[in-house]
Amino acid sequence: MTTLPRAVVCLPPHTRDRLFTAGASAELARITAAPGPAVISAFDSDEGRDALHDAEIVVTGWGSDLLTEQVLAWAPHLRAVFHAAGSVRAVVTPAVWDRELVVCSAADANAIPVAEFTLASILYAGKQVRSMAGMYRESGGDKGEVHRQHPTSSNLDKTVGLIGLSRVGRRVADLMRMFDHTVLVHDPYATAQDARRHQVELVGLPELMRRSDIVSVHAPALSSTRGLVGAAELALMRDGATLINTARPSLLDTAALTAELVSGRIWGVLDVTDPEPLPADSVLFTLPNVQVTPHVAGALGSEIHRLGALMIDEICRYGRGAPLHHQVVQADLARVA
């Protein structure tokens, strides 16, 4: 690296501390111009405007300010944005694309724990763990009766349907290769080559809903995907099937899903809900066939360090003039989160 870029890190202090370990912060200082990156909490401050004036790159993340036209006017030398979080929609505005800035995201790092959570949920659903645990508790420990009441408890020859071959969807599909499942995918952008690479079968949404024992949602939240899974699609699910949603609640018709779950016909694993959080008296908290978690599938705890580390690696590549691995282009936003 010959010329080190001048950098600004714009993050709330609590986010900054979660993203970057002491070692990562030292590495970020090493790969940027001395005396290291300017660290600010907001662009619209005297400190922020001064820091932006000479900045070539900015590092953003959860809680960062929008990169508006006014902010970019304070940063005449800015060339790249490194977003140490998932979707760039929270910080990028049309002005960023108008300036033809390079934009990179750590969404691939956040996809890892989401896929792991999904895999665990799929395997637990196949073995009907939640149902058996409840029955075992209520029966006072009658193991034989629990086994008799769950003759289809198995992770052999089950069919899993993935709605969306997104970053997370692809990773889930790849993890599923270790198990004896058939994996179906519905994604209008997926190709036959994608299907071969990830060893999945591409099908239409109705067929996926009919054939799957477990359906997991991994599509982006776009105007075109709002209510993608509604009453008609849910009605196609097999009795006793499980629906997993770690993506966005807008992808599902909440009223239709609630009605199906209240009926007890299907099972739900919901890491995202509408509204979020649910009211304390929500019926979903009371149903034995529903697991509701507070948006925990994504990066938490030490997993968050992956996002900061990924962006540091990307800044290294940028400084060397090497190809970037995690760049987002404007055209992507029509079909990604």
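Strand 7 (residues 181–186) and strand 8 pair in the parallel sense over two bridges, where strands are DSSP runs of E with at least two residues and helices are runs of H or I with at least four, both numbered from the N terminus. Two strands count as paired if DSSP finds at least two bridges between them. Leu 184 stands opposite Glu 201 in strand 8.

This is a predicted model, in which local features need pLDDT of at least 70 and side-chain atom pairs count only at pLDDT 80 or more, while totals for chains, interfaces and linings use all residues. Residues are numbered from 1 along each chain as its sequence is written, and side-chain values use heavy atoms, with hydrogens and water left out.

## Overall layout

The protein has 14 helices and 12 strands. Its C-alpha trace spans about 70 × 45 × 35 Å along the principal axes. Of the 337 residues, 50% are buried; buried means under 20% relative accessible area, exposed over 50%, and partly exposed in between, with a 1.4 Å probe and protein chains only.

## The two sheets

Strands 7 and 8 belong to an open sheet of seven strands with the order 8-7-6-9-10-11-12 and parallel pairing. Strand 8 (201–202) and strand 12 stand at its edges, each with a single partner strand, so one side of each has no neighbour in the sheet.

At the other end of the order, strand 10 (residues 242–245) pairs with strand 11 in the parallel sense over four bridges. Ile 244 stands opposite Val 269 in strand 11. Strand 11 is in turn joined by three bridges to strand 12 (residues 290–292), and these two run parallel. On that side, Val 269 stands opposite Gln 291 in strand 12.

Strand 10, helix 13 (residues 254–263) and strand 11 make a right-handed β-α-β unit. A crossover is right-handed if, with the strands pointing away from the viewer, the path from the first strand over the helix to the second runs clockwise.

Five strands form another open sheet, in the order 2-1-3-4-5, with parallel pairing. Here strand 2 (38–40) and strand 5 (102–105) are the edges, each with a single partner strand, so one side of each is left without a neighbour in the sheet. The twist averages 15° from one strand to the next, with axes taken as lines fitted to C-alpha atoms (for helices over the stretch in contact) and angles running from 0 to 180 degrees between N-to-C directions. Strand 4 (residues 80–83) is joined to strand 5 by four bridges, and the two run parallel. The bridge partner of His 83 in strand 5 is Ser 105.

## Pocket and cavity

On a 1 Å grid over the protein atoms alone, a cavity is a set of points where a 1.4 Å probe fits but cannot get out, a pocket is an open set with protein on both sides within 12 Å along at least five of seven lines, and lining residues have an atom within 4 Å of a point. Grid points are joined across faces, edges and corners, and a volume is the space filled by probe spheres set on the points.

The second largest pocket has a volume of about 480 Å³. It is lined by 25 residues, of which Tyr 124, Ala 125, Gly 126, Gln 128 and Thr 242 lie nearest its centre. Helix 6 (107–126), helix 7 (129–138) and strand 11 (267–270) are the elements that give two or more residues to this lining. Helix 6 supplies the largest share, six residues. By class, the lining has nine nonpolar, 11 polar and five charged residues; Ala, Val, Leu, Ile, Met, Phe, Trp, Tyr, Cys and Pro count as nonpolar, Asp, Glu, Lys and Arg as charged, and the others, Gly among them, as polar.

The structure holds one cavity of 30 Å³ or more. The largest cavity has a volume of about 110 Å³. Among its 13 lining residues, Thr 254, Leu 257, Leu 270, Thr 273 and Asp 274 are the closest to its centre. Helix 13 gives the largest share of this lining, four residues. The lining divides into eight nonpolar, four polar and one charged.

## Backbone details

| Feature | Angle | Location |
|---|---|---|
| Ala 34 to Pro 35, cis peptide bond | omega about 10° | Pro 35: loop between helix 2 (22–30) and strand 2 |
| Glu 276 to Pro 277, cis peptide bond | omega near 0° | Pro 277: loop between strand 11 and strand 12 |
| Glu 100, positive phi | phi near 55° | loop between helix 5 (94–98) and strand 5 |
| Gln 199, positive phi | phi near 55° | loop between helix 10 (192–198) and strand 8 |

Glu 100 counts as exposed at 70% relative accessibility, and Gln 199 counts as exposed at 55%.
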